[in-house]
Amino acid sequence: MKPFPRAEISGHALQSNLARLRELAPKSKVMAVVKANGYGHGLLNVAKCLTTADGFGLARLEEALELRAGGVKTKLLLLEGFFRQNDLNTLVEHDIDTVVHHEFQIEMLESAKLSQPVTVWMKVDSGMHRLGFSLEQFAATYARLQACPNVAKPINLMTHFACADEPDNPATAEQTARFNRLTANLPGERTLANSAGALYWQETQADWIRPGIALYGVSPVAGDLGRNHGLMPAMQLMSQLIAVRPHKAGDPVGYGSYWYAKQDTQLGVVAIGYGDGYPRNAPEGTPVWINGRLVPVVGRVSMDMLTVDLGVDATDAVGDDVILWGQELPVEEVAEHIGTIAYELVTKLTPRVAVCFESA
Ligand SMILES: *Cc1c(COP(=O)(O)O)cnc(C)c1O
């Protein structure tokens with residue numbers, strides 16, 4: 001018997017999404033972003049499924065080391081770079097590229113004793129103002145990296161977008177223009193685009209795109225769906241009905257008793273809750289898929305369970321499958337009901353959810 005709740009991960013969808021992104025950005029290499037446990041899909045399984053990616057983007061050194069320990073030989077890039085002096089030796093030992101976004105990292109590079117230089121991606125703050133060297137700092141910082149023997153040449157260049165998920169926002173074109181002006185005529189590879197850049201802003205694709213969410217079949221843009229771009233959802237979150245109960249008009253259900261049935265109905269109890277990562281703040285009406293139709297969440301989501309209104313004529317039974325999101329119910333739509341983004345839903349599943357990887 002299959003465990004539940006479980007997240008079924010489709011290797012076929014992952015590979016198909018990578019192929020689709022290559023079609024959409026035919027001149028770019030693909031740095032598949034697999035940070036945060038492959039966006040909740042399982043770091044090593046995702047990486048081993050996407051063997052044809054040109055590189056993998058990660059947020060933490062520990063994530064990169066997990067891939068190397070698992071036998072992954074592909075190029076790896078730390079998107080926020082290293083944090084400690086000692087990390088530099090680890091980067092050299094395991095052949096891991098690093099972003100350099102801050103002066104403290106340059107000081108560490110300058111004082112390190114390394115057996116080989118490190119491949120760096122210099123991060124430019126073109127307008128997001130979170131990480132990176134400002135336009136004013138750029139020339140002096142570049143010269144300093146250029147002079148550092150521990151930095152492999154040529155220096156690669158990157159930036160990150162604040163608003164690429166807003167197709168009408170001029171900020172992305174402005175950031176792109178600033179980055180291009182600053183880096184014109186410099187050697188080294190360039191990367192600007194996250195998923196939204198790759199999907200919506202073709203002129204940002206450059207040498208490398210860095211898609212995360214799109215690889216998992218999800219659109220980064222509010223009101224849009226991955227499937228509109230030929231992407232397939234890679235995750236299906238499933239559980240089961242553990243009770244079907246007749247419920248009388250006027251009766252409440254669950255903690256706080258804040259939802260009352262307006263008419264006689266049947267309620268289904270689904271074995272999933274905030275202890276699994278299904279958000280407690282999912283409001284009444286958040287859709288759940290059961291036996292070919294969508295039914296609404298009613299009452300408060302609790303730690304291990306949630307309740308749905310199956311309707312008075314329902315024929316659903318204990319043990320029936322429930323899909324919280326997946327092919328039949330896009331995670332983008334669930335996120336919109338809950339007032340969050342699909343990124344948060346897929347990355348926040350807890351270890352109680354069995355992640356079941358289905359190879360392509
Ligand atoms: C997470 C991340 C990405 C991927 O972003 P998506 O919106 O998931 O495509 C790309 N670049 C950097 C620097 C990131 O931190």
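How far does a polar side-chain atom of S195 lie from an oxygen atom of the ligand? I began with this question and looked it up in the model, which is predicted.

**Entry 1: polar contacts of the ligand**
I found that the distance from a polar side-chain atom of S195 to a ligand oxygen is 2.5 Å. I then turned to K35, where a side-chain N or O atom is 2.7 Å from an oxygen atom of the ligand. For G212 I noted that the backbone takes part: one of its N or O atoms lies 2.8 Å from a ligand oxygen. I recorded that the ligand on its own has 390 Å² of accessible area, of which the protein covers 93%.

**Entry 2: the surroundings of the ligand**
I listed the residues around the ligand as V33, K35, Y39, L79, H160, N194, S195, R210, P211, G212, I213 and Y343. I sorted this shell by character and obtained 6 nonpolar, 4 polar and 2 charged residues. I also asked which pocket the ligand takes up, and the space proved to be the largest pocket.

**Entry 3: the protein as a whole**
I next considered the whole chain. I noted 11 helices and 18 strands in the secondary structure of the protein. Along the principal axes, I read a span of about 75 × 40 × 35 Å for the C-alpha trace. How much of the protein is made up of buried residues? I found that 53% of its 360 residues are buried.

**Entry 4: summary**
I return to the ligand: S195 and K35 approach its oxygen atoms through their side chains, whereas G212 does so through its backbone.

Conventions
Residues are numbered from 1 along each chain as its sequence is written. This is a predicted model: local features need pLDDT of at least 70, side-chain atom pairs count only at pLDDT 80 or more; totals for chains, interfaces and linings use all residues. Side-chain values use heavy atoms; hydrogens and water are left out. A residue is near a molecule or strand if one of its heavy atoms lies within 4 Å of it. A polar contact is a pair of N or O atoms within 3.5 Å; within protein, one must be able to donate a hydrogen and the other to accept it, and residues adjacent in sequence count only if both atoms are side-chain atoms. Accessible areas come from the Shrake-Rupley method with a 1.4 Å probe; for residues, only the protein chains shown count as cover. On a 1 Å grid over the protein atoms alone, a cavity is a set of points where a 1.4 Å probe fits but cannot get out, and a pocket is an open set with protein on both sides within 12 Å along at least five of seven lines; lining residues have an atom within 4 Å of a point. A molecule sits in a cavity or pocket if more than half of its atoms lie within 2 Å of its grid points. Ala, Val, Leu, Ile, Met, Phe, Trp, Tyr, Cys and Pro count as nonpolar, Asp, Glu, Lys and Arg as charged, and the others, Gly among them, as polar. Helices (H or I, at least four residues) and strands (E, at least two) are DSSP runs, numbered from the N terminus. Buried means under 20% relative accessible area, exposed over 50%, partly exposed in between (1.4 Å probe, protein chains only).
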